[in-house]
Amino acid sequence: MPEGDTVYQAARRLHSALAGKVLTRSDLRVPKFATADLTGRTVLDVTPRGKHLLTRIEGGLTLHSHLRMDGSWKVYTPGQRWSGGPAHQIRAILGTADRTAVGYRLPVLELLRTADEHRAVGHLGPDLLGPDWDPDQARENLLRDPARPLGEALLDQRNLAGIGNVYKSELCFLLRATPWLPVGDLPAEHLAQLPALAKKLLETNRDRPARSTTGRREQRLFVYGRAPRPCLRCGTPVRVADQGDGSRERPTYWCPACQPGPNPAPGAHTRRPSRPRITN
């Protein structure tokens with residue numbers, strides 16, 4: 001599941017493969033930009049911004065992409081078999097003399113002027129893995145709507161950028177609060193440590209091939225994907241239910257013993273426990 005750490009890793013791979021090199025192949029497979037030709041231009045850099053990727057290209061252009069749930073960028077050497085999915089799922093191809101970057105299932109792909117990048121990412125809050133990180137601003141953003149459930153507020157990229165569904169569940173567990181607790185009801189000491197804890201989790205995992213919040217090799221996550229197995233802290237069965245993020249419902253995991261506070265509203269959809277696919 002692409003979150004801030006995953007996008008950071010993707011940007012690093014793309015930057016290593018493309019930056020400073022001239023494009024010899026360019027194929028954007030979305031109707032609006034299908035005729036755009038970037039060949040002959042040099043890729044300047046690839047920068048992550050929250051869950052967004054900005055590939056900056058000579059001539060004042062930026063290719064903006066977003067992975068959302070299933071998107072990915074793969075890098076191949078000449079002659080290497082492409083294995084990111086069937087051909088009809090390819091949305092972008094950027095090739096140089098010795099590397100080819102292929103974007104699969106990209107729900108967001110647009111070519112814009114670099115000077116207009118704010119149109120794509122200007123709404124984002126402080127980036128947990130970016131140079132603009134500001135813990136005080138992130139905390140202030142979260143408190144703008146104190147009645148909002150903590151889990152929803154953490155997923156709102158306008159508050160702080162980079163947290164997805166996995167880190168939302170794990171952060172709430174570490175803060176000993178249910179994801180349905182209003183942000184304003186979070187104890188002051190926990191609210192004070194939230195930005196630093198979130199940053200630590202993403203920074204720790206940005207260089208890891210397998211995401212872990214526990215530090216354990218075999219049990220990498222505290223609650224995400226663990227329902228109905230026992231909580232690693234107290235042994236109580238972990239629960240899972242849907243929680244909205246402002247756009248759609250998402251599976252949310254929590255320990256009812258370790259995380260005091262409100263539970264899902266009566267009538268809310270409680271999921272049958274399963275083991276979701278966890279990608280890094």
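Which helices and strands are included in what covers the buried residues of H5? The points below take this up first, then move to the strands, the cavity and the salt bridges of this predicted model.

1. **Cover of helix H5.** Helix H5 runs over residues 165-174. What covers its buried residues includes three helices and two strands: H1 (4-18), H4 (150-155), H6 (188-205), S9 (239-244) and S10 (249-254). Nine of the 10 residues in H5 are buried, and the helix is mostly covered. The buried set is Asn165, Val166, Tyr167, Lys168, Ser169, Glu170, Leu171, Cys172 and Phe173. Note that Lys168 and Glu170 are among them. Arg176 follows H5, with a positive phi near 55°.

2. **Strands S9 and S10.** Both strands belong to the cover of H5. They pair with each other in the antiparallel sense, over six bridges. One of the bridge partnerships joins Ala241 to Thr252 in S10. Five of the six residues of S10 are buried, so the strand is largely enclosed by the rest of the structure.

3. **Strand S1.** In a regular strand, side chains alternate between the two faces of the sheet. S1 (residues 25-28) shows this alternation. Ser26 and Leu28 point to one face and are buried. Arg25 and Asp27 point to the other face and are not buried. The pairing partner is S6 (residues 90-95), antiparallel, over four bridges. Within that pair, Arg25 stands opposite Gly95.

4. **The cavity.** How many cavities of 30 Å³ or more does a search of the whole structure find? The search finds one. The largest cavity has a volume of about 30 Å³. Gly4, Tyr8, Pro48, Gly50, Asp127, Leu129 and Gly130 line it. By class, that lining has three nonpolar, three polar and one charged residues.

5. **Salt bridge Arg56 to Asp45.** The whole structure holds 14 salt bridges. In one of them, the side chains of Arg56 and Asp45 meet at 3.2 Å, N to O. Arg56 sits in strand S3 (residues 52-57) and Asp45 in strand S2 (residues 43-49), 11 residues apart, and the pair links distant parts of the chain. Asp45 is buried, at 19% relative accessible area.

6. **Salt bridge Arg49 to Asp132.** Here the closest N and O atoms are 3.2 Å apart. Arg49 lies in S2, while Asp132 is in the loop between helix H2 (118-121) and helix H3 (135-142), so the bridge ties together parts 83 residues apart in sequence. Are the two partners buried or exposed? Arg49 is buried, with a relative accessible area of 17%. Asp132 is partly exposed, at 33%.

7. **Salt bridge Arg139 to Asp136.** These side chains meet at 3.0 Å, N to O. An α-helix has 3.6 residues a turn, so residues three or four places apart point the same way. Arg139 and Asp136 are three residues apart in helix H3, which means about one helical turn separates them. Asp136 is exposed, with a relative accessible area of 52%.

8. **A salt-bridge network.** Which residues are joined into one network by salt bridges that share partners? They are Arg148, Glu152, Asp156 and Arg158.

Note on methods
Residues numbered from 1 in each chain as written. Predicted model: local features only at pLDDT ≥ 70, side-chain atom pairs only at ≥ 80, totals over all residues. Heavy atoms only, no water. Buried < 20%, exposed > 50% of the residue type's maximum accessible area, 1.4 Å probe, protein only. Contact = heavy atoms within 4.5 Å. Pairing = 2+ DSSP bridges. 1 Å grid on protein atoms, 1.4 Å probe; cavity = no way out; pocket = protein on both sides within 12 Å on 5 of 7 lines; lining within 4 Å. Points joined across faces, edges and corners; volume = space filled by probe spheres on them. Nonpolar A, V, L, I, M, F, W, Y, C, P; charged D, E, K, R; others polar. Salt bridge = Lys/Arg side-chain N within 4 Å of Asp/Glu carboxyl O.
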